[in-house]
Each structure stands twice: as C-alpha cells, then as structure tokens.
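Student: Could you take me on a close look at one part of this model, and then follow the side chains outward from there? I would love one connected account.

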Amino acid sequence: MLQAGVYTYLPLGWRVLEKISAIVRSEMNAVGGQELLMPALQPKNIWEETGRWESLKEVMYQFQDASDKDLGLAATHEEVVYDLIRRFINSYKDLPLSVYQIQNKFRAELRAKGGLMRGREFMMKDLYSFHASQADLDQYYQQLIDAYLKIYRRLGLDAKVVEASGGIFTQKFSHEFQVVSEAGEDRIFYCGSCDWAQNSEITEVKAGDACPKCGVVVQEGKSIEVGNIFQFGDKYAKDMNGYVNDENSRKIPILMASYGIGISRLAATIVELHHDDRGIVWPESVAPFAVHLISLKRDEAARELYDRLVAADVEVLYDDRDVSAGQKFVDSDLLGLPWRLVVSEKTGGKVEVKQRGGEQSELMDFKEAINKL
Ligand code: ATP
Ligand code: MG
C-alpha cells in the first residue's frame with residue numbers, strides 16, 4: 001500500500017489480475033466489443049458539457065496544472081468516449097458499435113478500506129455501446145447481461161443480477177451484479193427460488209415477504225457489487241450533440257449504454273469466496289500459477305521436474321528457498337495454487353501430488369504427474 005486505497009500489485013497478484021482480465025476480454029470480444037485505451041488525464045470542458053464536472057466534484061480528482069488549466073483524473077469515461085463517437089460516427093450505418101477498455105479509474109472514496117475491494121485507484125473494465133434504436137440497445141443490453149454472468153461463472157463466482165437505482169440519469173433501473181458475502185458493503189433482497197433481486201436502496205419488500213415474481217420467500221443478505229450496467233438512452237446525444245441521419249435522412253440520437261466490471265474488486269471477491277483457515281484456494285481459472293513445486297533437499301530432481309513442467313506448458317511456481325519444510329507448506333497453503341507437488345527424500349524417484357482443496361495426496365512418477373497437469 002502506497003497510501004490508503006492505492007496499491008502496487010505484486011507479481012502473483014498481478015498474474016491474477018491478468019487472468020481475470022483475459023477472461024473478461026474474451027467475453028467482451030465475443031459480443032463484438034473492440035478494445036481501445038482512453039486517456040485518464042481529462043480536460044474540464046468535456047465534463048462541463050454534461051454538468052458532471054460539478055456533480056462528480058466529490059468523487060473526481062480535480063486540479064489545475066502549472067498553467068492553470070483545469071484537469072481531472074478519470075472516474076469513468078462516458079464523456080470521453082462520447083466525444084470520440086460524435087466525431088467518428090457519421091451515419092446510422094456505423095451503428096451499432098461497442099468499445100471497451102481495461103484501465104485504472106480514480107475516485108476520491110471517503111472510506112477506502114478492505115484493500116482492493118474499494119480503492120482510490122482501481123482497475124475497471126468499462127464497455128460502451130452505441131445504437132440507432134432503443135430496440136437494438138435493449139437487445140444488446142440483454143446480451144451483455146448474459147456475457148457478464150458467463151464471466152462470473154468462469155471466475156468461480158455466483159453473481160445475481162440485481163435491479164438498482166438508475167442513478168441521476170434515468171428513471172429506469174440499472175442492473176448490478178452482486179455476490180452474496182458478509183464482506184460486502186451492499187445489502188440486497190433476493191428470491192430463494194427464482195432470479196428476482198433488488199438492491200436495498202430501491203426495494204419495497206422485506207425479508208420474509210413473498211417474492212413479487214414467483215411468490216417464494218424473499219431473503220436478505222450482504223453482498224459485493226462486482227459489476228454495474230446502465231442505459232443512458234439519448235441523455236448523451238442531447239448533452240453532447242451526438243446525432244446521425246437514419247435511412248430516411250431523419251436526424252436520430254446516438255443512444256448509449258455503459259457496462260462496468262471491477263477487475264481489482266473481483267480479485268478480492270474471489271479470495272473472499274475461495275479461502276479456508278490456511279489461506280487462499282484459487283479457482284484454476286485465475287490462479288497465478290497452476291502448480292506449486294516444493295523441493296525438500298532434492299533440488300536436482302525438483303529442477304528436472306520443473307524443466308519438464310515448463311516444457312509441457314504447465315504454469316509452475318518453484319519454491320527452492322532455503323527454509324524449513326514447515327515454512328514451505330504453510331506458505332504453499334497461504335498462496336493457494338491449485339496443485340502442490342513435493343519432491344523430497346521420502347518420494348524417491350516419484351513426486352507427491354496434492355490438490356489445494358483436498359486432503360489426499362498421491363505418489364506419482366514424473367511422467368504421470370505431468371500428464372495429469
Ligand atoms: P460502489 O457502489 O461500490 O461505490 P459504484 O456503483 O460507484 O460502486 P460503478 O461506477 O458502478 O461503481 O463502477 C463499476 C464497477 O467498478 C462496480 O460495480 C465495482 O465492481 C467497481 N468499483 C467501483 N468503485 C470501486 C472502487 N472504489 N474500488 C474497486 N472497485 C470499484
Ligand atoms: Mg455501481
């Protein structure tokens with residue numbers, strides 16, 4: 001931690017963030033998202049067009065440079081992306097279009113606590129989609145809900161789609177993705193049977209009431225917001241003058257929706273949901289390495305196994321430190337890589353293979369172990 005809410009990602013944590021990002025990328029590409037990277041350093045004038053320089057004052061880092069120019073650090077990117085779109089999209093034929101980035105956001109969070117759960121500088125994936133009609137936007141929005149649910153499943157998380165306030169832009173609900181957990185700062189009400197769920201900020205039901213959708217009992221729980229998607233409709237078209245001609249040469253607004261996922265908050269959420277009293281139990285999909293190889297005074301044999309694992313494209317972390325066996329085992333459980341391999345005086349020409357989640361270990365020869373992994 002450099003200061004409250006601002007962190008360096010160390011090598012293992014960074015590998016986790018890269019794995020999460022890769023999963024998010026693959027699902028965003030699958031729905032036609034094109035990746036780009038927008039500036040974090042932004043001029044005041046663009047934010048004045050929507051009035052958000054003022055309304056986001058509390059949360060956005062705003063300052064002046066040496067020549068008194070007003071600048072802000074990106075708390076979000078709707079204004080910047082819409083400026084891009086109004087300049088490059090000239091016809092309804094260019095729509096729909098969807099672009100995204102994975103980038104750091106800056107927010108002056110009052111309570112930066114819980115590590116990566118709430119940072120002042122944190123990593124987000126934000127996608128923005130642009131449409132010529134509400135029907136097209138609605139259809140794409142639903143496609144993104146499905147893509148998000150797929151992402152959370154691949155990360156080993158059970159996320160609920162929760163209706164939440166549309167914020168200051170729209171009367172409509174926005175949709176949050178929430179993972180039920182005591183570590184969460186949100187509170188949601190959800191059905192024990194169907195997919196109905198609402199954030200406590202907007203709901204009118206209580207725990208124990210009948211679900212408005214299916215009648216089964218409503219439950220209440222703390223939860224972590226791991227994503228949030230919004231429809232802005234023509235709000236940005238009006239504020240920032242984003243119009244094109246349709247096929248009848250009528251002027252139509254470029255509609256926008258935005259879709260955020262907290263990449264760094266997700267890493268913290270996965271740890272919260274996947275640990276035991278000895279440490280982290282990483283799901284295979286995001287583990288920084290697949291294998292933790294431990295040598296107990298058998299460096300030559302372990303080195304041979306290491307080389308063969310690397311040659312077989314297995315991601316392996318090799319602990320050849322000169323510390324006690326006990327220390328190595330404790331650290332191995334703490335790091336939580338999915339597989340632990342131990343080469344020691346006791347294993348002879350073989351290797352002991354154990355899963356982080358399980359209790360049983362198995363002796364295998366090297367070839368068998370490599371094939372298994
Ligand atoms: P919160 O209510 O938790 O403050 P938010 O509603 O302000 O979040 P959004 O603008 O919806 O956040 O951002 C999209 C996603 O980015 C959130 O769903 C969350 O997963 C993540 N996120 C937001 N703020 C932070 C933060 N300070 N640190 C880490 N992740 C964050
Ligand atoms: Mg939100």
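Tutor: Happy to! Let's begin with a histidine: the side chain of His-77 makes a polar contact with the side chain of Gln-42, at 3.2 Å. Please keep in mind that this is a predicted model. His-77 sits in the loop between strand S4 (70-73) and helix H4, and with a relative accessibility of 0% it counts as buried. Leaving aside residues up to four places away in sequence, His-77 touches Met-38, Pro-39, Ala-40, Gln-42, Gln-101, Gln-103, Lys-105, Asp-126 and Tyr-128. Gln-42 is therefore both a polar partner and one of the residues on that contact list.

From this loop we can step into H4 and look at aromatic rings. A search of the whole structure finds 11 aromatic pairs. In one of them, the rings of Tyr-82 and Tyr-236 have centres 5.8 Å apart and planes at 40°, so the pair is tilted. Tyr-82 belongs to helix H4 (residues 78-88) and Tyr-236 to helix H6 (residues 235-240), so this pair ties together parts that are 154 residues apart in sequence. Tyr-82 is buried, at 0% relative accessibility, and Tyr-236 is buried as well, also at 0%. These two tyrosines also take part in a wider group: Tyr-82, Phe-130, Phe-230, Phe-232 and Tyr-236 form one aromatic cluster.

Another pair is made by Tyr-152 and Phe-177, with ring centres 5.6 Å apart and planes at 35°, so it too is tilted. Here the link runs between helix H5 (residues 134-154), which holds Tyr-152, and strand S8 (residues 174-180), which holds Phe-177, so the parts tied together are 25 residues apart in sequence. Both Tyr-152 and Phe-177 are buried.

Rings also meet charged side chains. Arg-15 lies over the face of Phe-289, at 3.8 Å from the ring centre. Lys-251 lies over the face of Tyr-243, at 4.5 Å from the ring centre.

Next, the metal site. The magnesium ion (ligand 2) is coordinated by Glu-225 through OE and by Asn-228 through OD1, at 2.3 Å. Glu-225 is partly exposed, at 21% relative accessibility, whereas Asn-228 is buried, with a relative accessible area of 13%.

What about the cysteines? The count of disulfides comes to zero, and two sulfurs help to show why. A disulfide needs cysteine sulfur atoms within 2.5 Å. The sulfur of Cys-211 has its closest cysteine sulfur in Cys-194, 3.7 Å away, which is too far for a bond. For Cys-214 the closest cysteine sulfur is in Cys-191, at 3.5 Å, again too far for a bond. Cys-211 is buried, with a relative accessible area of 4%, while Cys-214 is partly exposed, at 36%.

Let's finish with helix H9 (residues 325-335), in which Lys-328, Asp-331, Ser-332 and Asp-333 are buried. An α-helix has 3.6 residues a turn, so residues three or four places apart point the same way. The buried residues of H9 pack against strand S16 (279-280), strand S17 (291-295), strand S18 (316-319) and strand S19 (339-343). After H9 comes Gly-336, whose phi is positive, near 75°.

Terms used
Residues are numbered from 1 along each chain as its sequence is written. Chains are lettered from A and ligands numbered from 1 in the order in which they are written. This is a predicted model: local features need pLDDT of at least 70, side-chain atom pairs count only at pLDDT 80 or more; totals for chains, interfaces and linings use all residues. Side-chain values use heavy atoms; hydrogens and water are left out. Donors are N, O and S atoms within 2.8 Å of the metal (3.2 Å for Na, K and Ca); water is not among the atoms, so sites may look incomplete. Buried means under 20% relative accessible area, exposed over 50%, partly exposed in between (1.4 Å probe, protein chains only). Helices (H or I, at least four residues) and strands (E, at least two) are DSSP runs, numbered from the N terminus. Contact means heavy atoms within 4.5 Å. Rings of Phe, Tyr and Trp (its six-membered ring) pair if their centres lie within 6.5 Å; planes under 30 degrees apart count as stacked, over 60 as edge-to-face and the rest as tilted. A charge sits over a ring if NZ of Lys or CZ of Arg is within 6 Å of the ring centre and within 35 degrees of the ring normal. A polar contact is a pair of N or O atoms within 3.5 Å; within protein, one must be able to donate a hydrogen and the other to accept it, and residues adjacent in sequence count only if both atoms are side-chain atoms.
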